[in-house]
Amino acid sequence: MSERTDRGDPTTADRMLPPESPAGAPFWAASRERRLLLPWCVPCGAAHWYPRGFCPVCLGDEIEWRPASGGGRVHAVSVQPKVPFPGVGGEPPYAVALVDLDEGVRMMLRVVADDAWSVAVDDAVSIGWEPLSDGRHLPVALPSDPPA
Amino acid sequence: MSAHPLRAATAVVGVADAADPSGMLDGTVTELEARMIREALDDAGLTLADVDGLAINNGAGWAASLEAAERLGLAPRWTDSTQTGGSSFEIHVQHAAAAIALGLAEVVVVVYASTPRSSHKRGGGGFRSRALGGVTPALEWDLPHGLRLPMGAYALAASRHVHEFGTTPEQLASIAVQTREWAAMNPRARLRDPITVEDVLASPVEASPLHKLDCCLVTDGAGAVVLTSAERAADLAKPPVYVLGAGTCHTHASITSMPDLTTTGGVVSGREAFRIAGLGPGDVDVVELYDSFTITVLLALEDLGFCAKGEGGAFVADGPLRPGGALPANTNGGGLAYTHPGQYGIFLLVEAARQLRGEAGDRQVPGAEVAVAHGSGGVLSAMSTVVLGSEATR
């Protein structure tokens, strides 16, 4: 166990491996190449989150996985002074946000920021990836550089 | 002799089923559920948009109908997770018929799917396949990011309320301060010492913007209520507390899927409960509002119509919730200071009934005739509102 782990920041080896549902498998497969794919309902022409294997609007099963821009905006944010339990989150304090992606879906993500307390609603973020021990990656939000 | 009110009041209008000689079906349990619903609605000439009630008896996590409705994109105003094994679906139909006859729902879907054979052939859990192989959306998509639950989910809603409406931590804190004044009068309350807004803000942050004193207790606790017909109640020992109205709405299972972080299903549950009661927020003498967190109370006050959306912060800052206030709230000291054994809803009903019977002692609200007990489940997920009244309201 590393010192970092003792402080609550899981190393790759100690990080919880997210379980993988059949509907979510294409997301996790693409995460191996650090590519963000989202499920789209072809007839509805809309992305949805989370993947269920069918569209939550029409219940149709014509689902296509399409690359996402990786851009988004913080919809809501909360700083966590402690991890809920070892193997998840980051080194406290860290921020967890609901991020609205450019494709119109909302995803829960940890924001990897130098100062967790500075992360604010409406901040622009982009998707980053943290390696997992099985070759998959966990998506995180990275604060975008402020406009010049 | 008049007919039973349920007689011929409802009908089955769409059906679907799936089976295969191989004994196996393609697709996961949840995909099969969606397919059955789609086909049954097609059969009926209805669409998902017509559905306002859902019954399902088994889930992957802790609350079957919440999780299923979220997957299906539904916010039903009538819900049933009754689980009695093989007879569950007949019971769902019975409940649904009564609900529809009384106007609590118009179109109810009852659904079931299970894939024990194909799961067993794949080396899976057999009958346990119902549980998606143990993977819930929360485990797969939320948990790895490290949000502390439940407080983190409520904190995200509070974050959004602060952003949209300028609500302040001081305003949220004032809810805890006012609730503590009630607890001081309840000898069985866990926390009875008075607190100030400054005390709340000085307590440790649990998940920003919520502090420790914005959060409910963790205690042991238990309660029960008994209901009977109004006719029978007339002959019993205590003054009847009439159920004047009730309403329910659940909108999501995970906070990520909450349609609007500053508006709960209380808008619908409250509207329904008041509609049935023939009353409005202005008729209420005392409220017992689930106070898992201060933000839970703020949202309930807005969504039930005690103040306008976004004005909850200014509303509570005036002190209406305290003893002698315009809207006495959580008169036992609430989940914030009396007790909170995980699922607090029973205590809302017990305290509301005591207030309407005039049994609340030092904390009695004078002349209380109408009370609201408003429960919240999950992470602002499932709201249920009961309007109760004394004999005078009958």
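Begin by selecting the place where the two chains of this predicted model meet: 36 residues of chain B are in contact with 39 residues of chain A. On the side of chain B that touches chain A, colour helix H1 (29-44), helix H2 (64-72), helix H5 (137-142), helix H6 (151-165) and strand E4 (205-207), each of which supplies at least two residues. Helix H6 of chain B gives the most to this side, with six residues. If you then colour the chain B side by residue class, you will find 18 nonpolar residues, eleven polar ones and seven charged ones.

Keep helix H6 of chain B on display and add the largest nonpolar core, which has 103 residues; those that touch the most other members are A:Ala95, A:Ala97, B:Tyr154, B:Ala371 and B:Leu388. The largest share of this core, eight residues, again comes from H6 of chain B. Centre the view on B:Tyr154: once its neighbours within four places in sequence are left aside, this residue is in contact with B:Leu210, B:Ser292, B:Phe293, B:Ile295, B:Thr296, B:Val379 and B:Leu380. A second, separate core has 38 residues, and A:Cys41, B:Trp78, B:Val109 and B:Val268 are included in it.

Next, select the open sheet of chain B whose three strands follow the order E2-E1-E3, with parallel pairing. Strand E2 (78-80) and strand E3 (108-110) of chain B are its edge strands, each pairing on one side only, and from one strand to the next the twist averages 10°. Between strand E1 (residues 53-55) and E3 of chain B the parallel pairing extends over three bridges; to see one position in detail, pick B:Gly53, which stands opposite B:Val108 in E3 of chain B. Now add helix H3 (residues 88-101) of chain B, which lies across E1, E2 and E3 of that chain and runs at about 175° to E3.

Turn to chain A, where an open sheet of three strands has the order E2-E1-E3, with antiparallel pairing. Its edges are strand E2 (46-47) and strand E3 (63-67) of chain A; each has a single partner strand, so one side of each is left without a neighbour in the sheet. Strand E1 (residues 37-41) of chain A runs antiparallel to E3 of chain A, and five bridges join the two. Select A:Leu38 to find its bridge partner in E3 of chain A, which is A:Arg66.

Zoom out to the whole of chain B, which contains 14 helices and nine strands. Along its principal axes the C-alpha trace spans about 70 × 65 × 35 Å. A compact globule of 394 residues would have a radius of gyration near 21 Å, and the 22 Å of chain B agrees with that. Of these 394 residues, 54% count as buried. Among the contacts in chain B with a separation of 6 or more, 70% are between residues 24 or more positions apart.

For a final stop, go to B:Thr393, in the segment after strand E9 (382-389) of chain B. With 19 C-beta neighbours inside 10 Å, B:Thr393 counts as partly exposed, because a residue is buried if 20 or more other C-beta atoms lie within that distance. Show B:Glu369 as well: 24 residues separate it from B:Thr393 along the chain, while their C-alpha atoms are 6.8 Å apart. Leaving aside neighbours within four places in sequence, B:Thr393 is in contact with B:Tyr242, B:Leu244, B:Glu369 and B:Val370.

Methods
Residues numbered from 1 in each chain as written. Chains lettered and ligands numbered in written order. Predicted model: local features only at pLDDT ≥ 70, side-chain atom pairs only at ≥ 80, totals over all residues. Contact = placed C-beta atoms within 7 Å. Helix = DSSP H or I, 4+ residues; strand = E, 2+ residues; numbered from the N terminus. Nonpolar A, V, L, I, M, F, W, Y, C, P; charged D, E, K, R; others polar. Core = buried A, V, L, I, M, F, W, Y, C linked by C-beta atoms within 7 Å. Buried ≥ 20, exposed ≤ 12 C-beta atoms within 10 Å, placed from the backbone. Pairing = 2+ DSSP bridges. Axes fitted to C-alpha atoms, helices over the stretch in contact; angles between N-to-C directions. Rg over C-alpha atoms; globule rule 2.2 N^0.38 Å.
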